[in-house]
Amino acid sequence: MIKSKPERGIYEQWRAQYVTNYQDGAYVNGSDRKTKSKTALSEAQGYGMLITVLAAQNKQADQKAFNRLLVYYQKHTISASNHLMAWKQVQRGQKMVTLKNNRTNATDGDLDIAFALLQADRLWGSSGQYNYRQLAKALLDDILRYNYNSQNELPYVGNWAKSDTKYHDLVRTSDLIPAYFETFYATTQDERWHKLSEKSVQTLQKLSDSSSVGLMPDFIWARSDGISAVSANTFESKNDGDYGWNANRIPMRLAFQSDNAQLKAINRKMLDFFSQQEQIKAVYDLNGQARNDYTSMAFVAPVAVAAYQQKQSFNDYAKGLVRRVKSEKITGNYYADTLQVLALLMIENNLKLEE
């Protein structure tokens, strides 16, 4: 049995590289090492809060570190009455500023922030300086108010899409996180979270069934006439319809804190594919053809979480991936480094692997 905790050096190296103290709070710098100006993203803040509370579970981080990230989130919500986090702040001199056109949200960041707050409530309770549970419920109310598409019962990519006729039915597949939604339902008893969970599983199953290797695209259209992958350059990049830099998170999202048999089967189909590859490449088309010749920890780490969960079928493969996630040093690429540390903490805190 692997008994060691996550290598303390990796988490501390990540924290030193990316967590930036600001006033009485802190944010995760979403810029890469070579970029001089700093950028704060709600996505990065969500990752940072989740990483910190997971690290605190095994004494690598403390409540004070989490609270500093919480303070920054609170100071950069869309408004005093809207608890969604503005998706981006940029550095202007010594200040982090939300520009007018950035005062909208990105759904994935707020989902992670809400889940991290509930994890903080479980770890520390809510009777201290911050009522984590109350803060989470306020945020969850606004996610439903602004990010829930009642027509397809799935999340908008951001609150702005609610009134945008072009992107109204656009869905980021990595926002479909049934384990989160069931946790949110248990917290709020709002049936819409249960609907989101059920519809997410149905959608993920349809996408899995439509690919011979189970890979899913970064973005889909979820319309009354069905589910379909978007075309290239529909929203973010030429890889919008590929298993790219958003969908790469799906194996991790489906494995973390979930024992759902249907989700395991969806991941298992992808694992059958990945385990046959000499190397996990960065970006694939939906038939499993690599788009690039290089690899990235952004793609390796989430697959490691999924393989680690299903050790009965992928034990040797899982051990190889986990050793790589544990041993490779962070590179200065914010996204890859952050997913590496997050995956490592998920594995060591929640799953076991037989030697």
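Select Trp-245, which counts as partly exposed at 29% relative accessibility; buried means under 20% relative accessible area, exposed over 50%, and partly exposed in between (1.4 Å probe, protein chains only). The model is predicted, so local features need pLDDT of at least 70 and side-chain atom pairs count only at pLDDT 80 or more, while totals for chains, interfaces and linings use all residues. Residues are numbered from 1 along each chain as its sequence is written, and side-chain values use heavy atoms, with hydrogens and water left out.

**Aromatic pairs**

Add Tyr-335, which is buried with a relative accessible area of 12%. Rings of Phe, Tyr and Trp (its six-membered ring) pair if their centres lie within 6.5 Å; planes under 30 degrees apart count as stacked, over 60 as edge-to-face and the rest as tilted. By this rule there are 26 aromatic pairs. Display Tyr-22 with Tyr-27: this pair is edge-to-face, at 6.1 Å centre to centre and 75° between the planes. Tyr-22 is buried at 12% relative accessibility, and Tyr-27 is buried at 3%. Return to Trp-245 and Tyr-335, whose pair is tilted, with 6.4 Å centre to centre and 55° between the planes. The pair links distant parts of the chain, 90 residues apart: Trp-245 lies in the loop between β10 (226-229) and α8 (250-255), and Tyr-335 in helix α12 (residues 334-350). Helices (H or I, at least four residues) and strands (E, at least two) are DSSP runs, numbered from the N terminus. To see the cluster that ring pairs form here, select Tyr-243, Trp-245, Phe-273, Phe-274, Tyr-284, Phe-299 and Tyr-335.

**Nonpolar cores**

Keep Phe-274 and add Phe-184: of the 109 residues in the largest nonpolar core, these two touch the most other members. A nonpolar core is a set of buried Ala, Val, Leu, Ile, Met, Phe, Trp, Tyr and Cys residues joined through side-chain atoms within 4.5 Å. Around Phe-184, the contacts (heavy atoms within 4.5 Å) include Leu-111, Phe-115, Leu-140 and Trp-193, not counting residues up to four places away in sequence. A second, separate core has eight residues, among them Tyr-156, Ala-161, Phe-219 and Trp-221.

**Two open sheets**

Which residue lies over the face of Trp-221? Select Arg-223, at 4.1 Å from the ring centre; a charge sits over a ring if NZ of Lys or CZ of Arg is within 6 Å of the ring centre and within 35 degrees of the ring normal. Next, show strand β9 (residues 219-223), which runs antiparallel to β8 and is joined to β8 by three bridges. Val-171 stands opposite Ile-220 in β9. These strands belong to an open sheet of three, in the order β8-β9-β10, with antiparallel pairing; two strands pair if DSSP finds at least two bridges between them. β8 (170-172) and β10 each have a single partner strand, so one side of each is left without a neighbour in the sheet.

Move to another open sheet of three strands, ordered β3-β4-β5 and paired antiparallel. Its edge strands are β3 (39-41) and β5 (95-97). Three bridges join β3 to β4 (residues 88-92), and Leu-41 stands opposite Lys-88 in β4.

**Last stop: Ser-212**

Is Ser-212 buried or exposed? Ser-212 is exposed, with a relative accessible area of 59%, and is placed in the loop between α7 (191-209) and β9. Show Lys-269 and Asn-287 as well, since Ser-212 touches both, not counting residues up to four places away in sequence.
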